[in-house]
Amino acid sequence: MKTKFTKLVMFAAGAAMLGMLSISSQAQEIPRTPDGKPDFNGIWQTMGSAHWNLEPHAASHGPIVQAGALLAIPGGLGVVEGGRIPYRQDAMAKKEANRANWIDLDPLVKCYLPGVPRATYLPHPFQILQAPDVTLITYEFAGADRIVYMNRPDSEAQVDSWMGHNVGSWDGDTLVIDVTGQMPDSWFDHAGNHHSGWSMHVQERYTLVDANTIQYEATITDEATFTEPWTISMPIYRRQDPNMQLIEFKCVEFVEELLFGPLRRPGTN
């Protein structure tokens, strides 16, 4: 019996050792910059339906008619940890009003910059250009850009802006970006999920899972809109297309009106 127990202990210890070696090997496989930090340089894109709705949602038709058929909105399991966004009662009423009239009210339809975190999970690629003192994130959609100032914890936003004031730091191998000073006009998705302005704080966390996958998290704190902080998480994938580059994206304001006119909603004249 003692011999069998000893073998079991040795087996468990061996398995644990193999697990640690596997984790160590995986960490070594992550590309790194000359200063030893994880290398996020490249073009990335998020796949999924979060840009339609962060919360779980069934497939449905949209308010636009295209080629004689209603535009389909794909269903999704959602990316909000815990399932639902913890709105205050008055903020929930505004969210429902936004959702019912998103084709008219969504800032993205008007070609406004998407804000953070929405820019990350739009169905458009973005590029990260990383340096020790500053990191640039540039998005194909509407030419949006973010300058992330590294290791400046006391830096504060002087004015509100569409893409906010971005301060970066490292938590081990995780790139952390704190975003403040965003305009109150941007939304989180087409479903009308919204936020306030100066009081919102977004903390993003970018972690390389392997050479071509980032695990992305964003925690939103906004006491004016939500009863407690909440977090979204999703993978982001490296674009490996030959000669991949960001293409100039010409956002046409109210393009739905120009293309579809009175046909954009069933039953309109």
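Here are legends for a few views of this protein chain, which is a predicted model.

**View 1. The whole chain, with its helices and strands.** Start here to get your bearings: the protein chain has five helices and eleven strands. There are 269 residues to look through, and 42% of them count as buried.

**View 2. Contacts and surface.** Take the contacts between residues with a separation of 6 or more: 57% of them bring together residues 24 or more positions apart. On the outside, the protein chain exposes about 14,400 Å². Carbon and sulfur atoms supply 57% of that exposed area.

**View 3. The disulfide between Cys111 and Cys251.** The count for this model comes to one disulfide. Zoom in and you'll find Cys111 joined to Cys251, with 2.1 Å from S to S. These two cysteines sit 140 residues apart, so to speak, in distant parts of the chain. Cys111 belongs to the loop between helix 3 (102–105) and helix 4 (118–121). Cys251 lies in the loop between strand 11 (230–238) and helix 5 (255–260).

**View 4. The twist of the S-S bond.** Which hand does the disulfide of Cys111 and Cys251 have? It is left-handed, because the torsion about the S-S bond is about -90 degrees.

**View 5. How covered each cysteine is.** Cys111 has a relative accessible area of 18%, and since buried means under 20%, Cys111 counts as buried. Its partner Cys251 comes out at 28%, which makes Cys251 partly exposed.

Terms used. Residues numbered from 1 in each chain as written. Predicted model: local features only at pLDDT ≥ 70, side-chain atom pairs only at ≥ 80, totals over all residues. Heavy atoms only, no water. Helix = DSSP H or I, 4+ residues; strand = E, 2+ residues; numbered from the N terminus. Buried < 20%, exposed > 50% of the residue type's maximum accessible area, 1.4 Å probe, protein only. Contact = heavy atoms within 4.5 Å. Areas by Shrake-Rupley, 256 points an atom, 1.4 Å probe, with all protein chains shown as cover. Disulfide = S-S within 2.5 Å.
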